[in-house]
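Here is a guided walk through one protein chain, written for someone who would like to find their way around the fold. Keep the 3D view open as you read.

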Amino acid sequence: MATSKEYLEFITEQLSEVDGITYRQMMGEYVIYMNSKIAAYVCDDRLLVKPVPSAVHMMPEASYESPYAGAKEMILVENVDNKEFLKELFEAMFDELPESKKRKK
């Protein structure tokens, strides 16, 4: 099941107060970037964030799920209705996110 456009719009609206948020479609799903760093995936109408220490600390009881077959597990964000929590989460995660790898041409 691919992510609905409505769910993507809802998530991007929830993240609208976070600086530098962009997204890119990838095989029917979406990659969420924060200032060019991959921060999250929106897959099957779920928001999954990278399991960096700050995200683990802020959501210690969260479950881990794979965004797609063969991918590393990420943290499922269930509290997507809380805009302030999402802003706090993404801002806390930023410094711990790895730099995006440059594409080979």
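Let's begin at one residue, Glu 73, which sits in the loop between β5 (64–65) and β6 (74–77). Please keep in mind that this is a predicted model. Is Glu 73 buried, exposed or partly exposed? With a relative accessible area of 48%, Glu 73 is partly exposed, because that value lies between the 20% and 50% cut-offs. Setting aside neighbours within four places in sequence, the contacts of Glu 73 are Pro 51, Tyr 64, Glu 65 and Ser 66. Lys 5 lies 68 residues away along the chain, and its C-alpha atom is 23 Å from that of Glu 73.

**The overall fold**

Stepping back, the chain contains three helices and six strands. Following the sequence, they come in the pattern α-β-β-β-β-α-β-β-α. The C-alpha trace spans about 35 × 30 × 25 Å along its principal axes. How does the radius of gyration fit with a compact globule? A compact globule of 105 residues would have a value near 13 Å, and the chain agrees, with 13 Å. Of the 105 residues, 39% count as buried. Among contacts between residues at least 6 apart in sequence, 54% join residues at least 24 apart. The accessible surface comes to about 6,500 Å², and 50% of it belongs to carbon and sulfur atoms.

**The sheet**

The six strands make an open sheet in the order β1-β2-β3-β4-β6-β5, with antiparallel pairing. Which strands are at the edges? They are β1 and β5, each of which pairs on one side only.

At the β1 end of this order, β1 (residues 21–26) pairs with β2 (residues 29–34) in the antiparallel sense through six bridges. One bridge to look for is that of Ile 21, whose partner in β2 is Met 34. The two strands form a hairpin with two residues between them, and Met 27 in the turn has a positive phi of about 50 degrees. Moving on, β2 and β3 also run antiparallel and are joined by five bridges. Here Tyr 33 stands opposite Ile 38 in β3. As you trace any strand, it helps to remember that side chains in a regular strand alternate between the two faces of the sheet.

The loop between β3 and β4 holds Asp 44 and also Asp 45. Asp 44 has a positive phi although it is a residue other than glycine, and Asp 45 likewise has a positive phi without being a glycine. Their values are set out here.

| Residue | Phi | Relative accessible area |
|---|---|---|
| Asp 44 | near 50 degrees | 27% |
| Asp 45 | about 55 degrees | 28% |

Both count as partly exposed: Asp 44 and Asp 45.

**How helix α1 meets the sheet**

Helix α1 covers residues 5–14, and its buried residues are Tyr 7, Leu 8, Ile 11 and Gln 14. Why do these four lie on the same side of α1? They cover an arc of only 125 degrees around the axis, which puts them on the same side of the helix. The spacing fits a general rule: an α-helix has 3.6 residues a turn, so residues three or four places apart point the same way. The buried residues of α1 pack against β1, β2, β3 (37–43), β4 (46–49) and α3 (83–93).

**The nonpolar cores**

Inside the chain, the largest nonpolar core has 26 residues. Which of them touch the most other members? They are Leu 47, Val 49, Met 59, Val 77, Leu 89 and Phe 90. At least two residues of this core come from each of α1, β2, β3, β4, β6 and α3. The biggest contribution is from α3, with five residues. Met 59 is a good residue to click on: leaving out residues up to four places away in sequence, Met 59 touches Val 49, Ile 75, Val 77, Phe 85 and Leu 89.

There is also a second, separate core of seven residues, which includes Tyr 41, Cys 43, Leu 48 and Leu 76.

Notes: Residues numbered from 1 in each chain as written. Predicted model: local features only at pLDDT ≥ 70, side-chain atom pairs only at ≥ 80, totals over all residues. Heavy atoms only, no water. Pairing = 2+ DSSP bridges. Buried < 20%, exposed > 50% of the residue type's maximum accessible area, 1.4 Å probe, protein only. Arc of directions from axis to C-beta. Contact = heavy atoms within 4.5 Å. Core = buried A, V, L, I, M, F, W, Y, C linked by side-chain atoms within 4.5 Å. Rg over C-alpha atoms; globule rule 2.2 N^0.38 Å. Areas by Shrake-Rupley, 256 points an atom, 1.4 Å probe, with all protein chains shown as cover.
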